[in-house]
Amino acid sequence: MVTEAIEAGRGARRRSRFIVVGSGKGGTGKTFLAANLAIQWSLWGKRVVLVDADLGLANLHVVLGLDPEAHVMALLQSRRSRNGQGRELLVPGPAGVQLLPGGSGVEHLASLNRSELRRLVQRLEPCLDDFDVVVVDLSAGISKSTLLFLSAAAEILLVSNPDPSAILDAYAVIKVLSHSSIQERRVHLIMNRVRDVVAANHAGSRILATTEKHLQQQVKMLGLVPEDDAVAISMARRQPFLLDRPNSPAAGAIRSVARRLLSSDGADARASTTAFFARSAELLAPRRRAPSR
Ligand SMILES: Nc1ncnc2c1ncn2[C@@H]1O[C@H](COP(=O)(O)OP(=O)(O)O)[C@@H](O)[C@H]1O
Ligand SMILES: [Mg+2]
């Protein structure tokens, strides 16, 4: 009883953890992993929200088998932000995961300007303050919004495939990040769609060695997830993979990545949702005009 009360007290004070999922190359499995890691954490009792920040080409809802009516564009469109506004956009998904849907086929969302991005981020914060873990699924590459999320997050899950072009693009993302100012950002690498474990480990250690040598950024290898035919079968059935095929090899690998990430020391202040929003506000602050002479 006493222990329970202490645990509950701890829970109430626990900071939410803000994790962004990015990659250099498209199609490496960011959305697939974001969705299934979130489901696993939710099954373990965490309150988890997935934010679809692949803003114009959102597809997290498809992977989760959901059909949302509205998406983040509604946050941008409303004239004024009200307290708690935006929470109605959250859609309950499998295993209790909540989804904040992005828009698909909404060209404008893919190319927001700085002040729109600022408005969006400001209005996003109150929707996310109720969760233990916030998982943000990004688009590939470095569009303005993707770069903002990557630069302001202290904890990044970088998803690559073992092929040389994906590796090169993953390195390019780390290189871009190394120019931004956060100290001690944690970058975790996941190799996905692995067919040859030895080759994937080799490719992974090359990234780690090169980044350590040339960039001021440590990257940790979080794990390998095998290529698994069951993924396509679940997709076709519109069933979330981890719930549909819990005993498949890829599901086992996702569970071990999920466990490692949760037990890694990420619950400090820098990796919190509050810290993310403070840093993005700074990065998006209106630029001062140069004084006229
Ligand atoms: N481990 C895996 N085994 C088999 N197929 C996978 C695996 N991971 C992802 N996929 C498939 O690869 C495709 C791209 O994945 P997706 O998550 O959409 O990539 P991204 O979000 O990085 O663009 C999807 O069809 C997805 O189902
Ligand atoms: Mg995606």
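## The ligand 1 shell and serine 143

Around ligand 1 there are 17 residues, of which Gly29, Lys30, Thr31, Phe32 and Val231 come nearest. Three elements each give two or more residues to this shell: helix H2 (30-43), strand E7 (186-194) and helix H10 (229-236). Helix H2 gives the most, with three residues. The model is predicted.

The make-up of the shell by class is as follows.

| Class | Residues in the shell around ligand 1 |
|---|---|
| Nonpolar | six residues |
| Polar | seven residues |
| Charged | four residues |

**The fold as a whole**

The protein has 293 residues, and 44% of them are buried. Its secondary structure comprises 13 helices and eight strands. Now take the contacts between residues at least 6 apart in sequence: 81% of these join residues at least 24 apart.

**Serine 143**

Where does serine 143 sit? Its place is in a loop. Strand E5 (133-138) and helix H7 (144-152) are the elements that this loop lies between.

Serine 143 has 17 other C-beta atoms within 10 Å. A buried residue would need 20 or more, and an exposed one 12 or fewer. Serine 143 falls in between, so it counts as partly exposed.

Serine 143 can also be placed relative to alanine 110. The two residues are 33 apart in sequence. In space, 8.1 Å separates serine 143 from alanine 110, C-alpha to C-alpha.

Note on methods: Residues are numbered from 1 along each chain as its sequence is written. Chains are lettered from A and ligands numbered from 1 in the order in which they are written. This is a predicted model: local features need pLDDT of at least 70, side-chain atom pairs count only at pLDDT 80 or more; totals for chains, interfaces and linings use all residues. A residue is near a molecule or strand if its C-beta atom, placed from the backbone, lies within 6 Å of it. Helices (H or I, at least four residues) and strands (E, at least two) are DSSP runs, numbered from the N terminus. Ala, Val, Leu, Ile, Met, Phe, Trp, Tyr, Cys and Pro count as nonpolar, Asp, Glu, Lys and Arg as charged, and the others, Gly among them, as polar. Two residues are in contact if their C-beta atoms, placed from the backbone, lie within 7 Å.
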